[in-house]
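Colleague: Got a minute? Please put the structure up and walk me through it.

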Amino acid sequence: MNYAVNEEESFAERREEMVAQQLRARGVRDTAVLQAFLTVPREQFVPHNLRASAYEDAPLPIPGGQTISQPYVVAYMLSLLALRPTDRVLEVGTGSGYAAALLSQIVAEVYTVERQAELVAYARKRLAEIGCENVWVYHGDGSLGWPEHAPYDAILVSAGSPEVPQALREQLVINGRLVIPVGSSRRQQRIVLVQRTGANSYRQQHLSPVAFVPLIGVQGWEE
Ligand code: SAM
């Protein structure tokens, strides 16, 4: 009996259950998003001692006092971005690299920024292990975006901000979409969907309540 093969099959089954019970059952319909969740092994992105919990309906701790987000919340945010295969996307808050890996299955290019060096190394290692070649990880303050590669068709912010950073709005293409948790408390926010409608015009919708770790940076929270 090959233990590694059995373990992999069991993770694949749990991935299917996660997609059926946590995502489809709650209304996630975007087929590219669902397919990405079926493909990317979440167990590779959680700390080794938490692999058995990888498909729980919950965020899990990763190094640096941070979290890998709850799968449903990531699926919901990705669906709001209405992604297309040719898109170039910025993610702020790489964390484990899991959301960047999901994005890499859906779009052409993924640029992701993380402020903690330890997590930059953690994510790069895991993204390389699963063979992601269209993701670039940068160590810096993502509240300022990543101007060198702007503009982006879509921006996903995976940490909570007191307001929508102006730098991020300005790095969207016209008709581009930005999804970000925004709230006046460091631990509670609402998902905000911003659409750039013109050179200087944006439409903004406030959606579901969420609880993300804070976005710490020049256009986020203070250290
Ligand atoms: N997307 C991640 C994943 O799939 O594992 C989860 C992200 S975790 C909820 C939020 C991340 O944002 C943390 O890793 C944190 O260090 C990072 N972060 C906070 N402020 C940041 C900033 N200004 N720029 C870049 N990353 C930041």
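**A first look**

Modeller: The chain has 6 helices and 9 strands. Bear in mind that this is a predicted model.

Colleague: How compact is the chain for 223 residues?

Modeller: As compact as a globular protein of that length, because its radius of gyration is 17 Å, close to the 17 Å from the globule rule.

Colleague: And what does the C-alpha trace span along its principal axes?

Modeller: About 60 × 35 × 30 Å.

Colleague: What share of the residues counts as buried?

Modeller: 52% of the 223 residues.

Colleague: Now the inside. Which residues have the most contacts within the largest nonpolar core?

Modeller: Phe37, Met77, Leu78, Leu83, Tyr98, Leu102 and Leu127. That core has 52 residues. Another core, of 18 residues, lies apart from it. Leu90, Leu168, Leu172 and Leu215 are among its members.

Colleague: Back to Tyr98. What is Tyr98 in contact with, leaving aside neighbours within four places in sequence?

Modeller: Met18, Phe37, Val40, Arg42, Phe45 and Ile68.

Colleague: Take contacts between residues at least 6 apart in sequence. How many of those join residues at least 24 apart?

Modeller: 56% of them.

Colleague: Switching to the outside. What is the accessible surface of the chain?

Modeller: About 10,300 Å². Carbon and sulfur atoms account for 49% of that.

Colleague: Last one, charges. How many positive and how many negative?

Modeller: 20 positive and 24 negative. Their mean positions are 6 Å apart.

How values were computed:
Residues are numbered from 1 along each chain as its sequence is written. This is a predicted model: local features need pLDDT of at least 70, side-chain atom pairs count only at pLDDT 80 or more; totals for chains, interfaces and linings use all residues. Side-chain values use heavy atoms; hydrogens and water are left out. Helices (H or I, at least four residues) and strands (E, at least two) are DSSP runs, numbered from the N terminus. The radius of gyration is taken over C-alpha atoms; the globule rule is 2.2 Å times the number of residues to the power 0.38. Buried means under 20% relative accessible area, exposed over 50%, partly exposed in between (1.4 Å probe, protein chains only). Contact means heavy atoms within 4.5 Å. Accessible areas come from the Shrake-Rupley method with a 1.4 Å probe; for residues, only the protein chains shown count as cover. Lys and Arg count as positive and Asp and Glu as negative; His and the chain ends are not counted. The place of a charge is taken as NZ of Lys, CZ of Arg, CG of Asp or CD of Glu. A nonpolar core is a set of buried Ala, Val, Leu, Ile, Met, Phe, Trp, Tyr and Cys residues joined through side-chain atoms within 4.5 Å.
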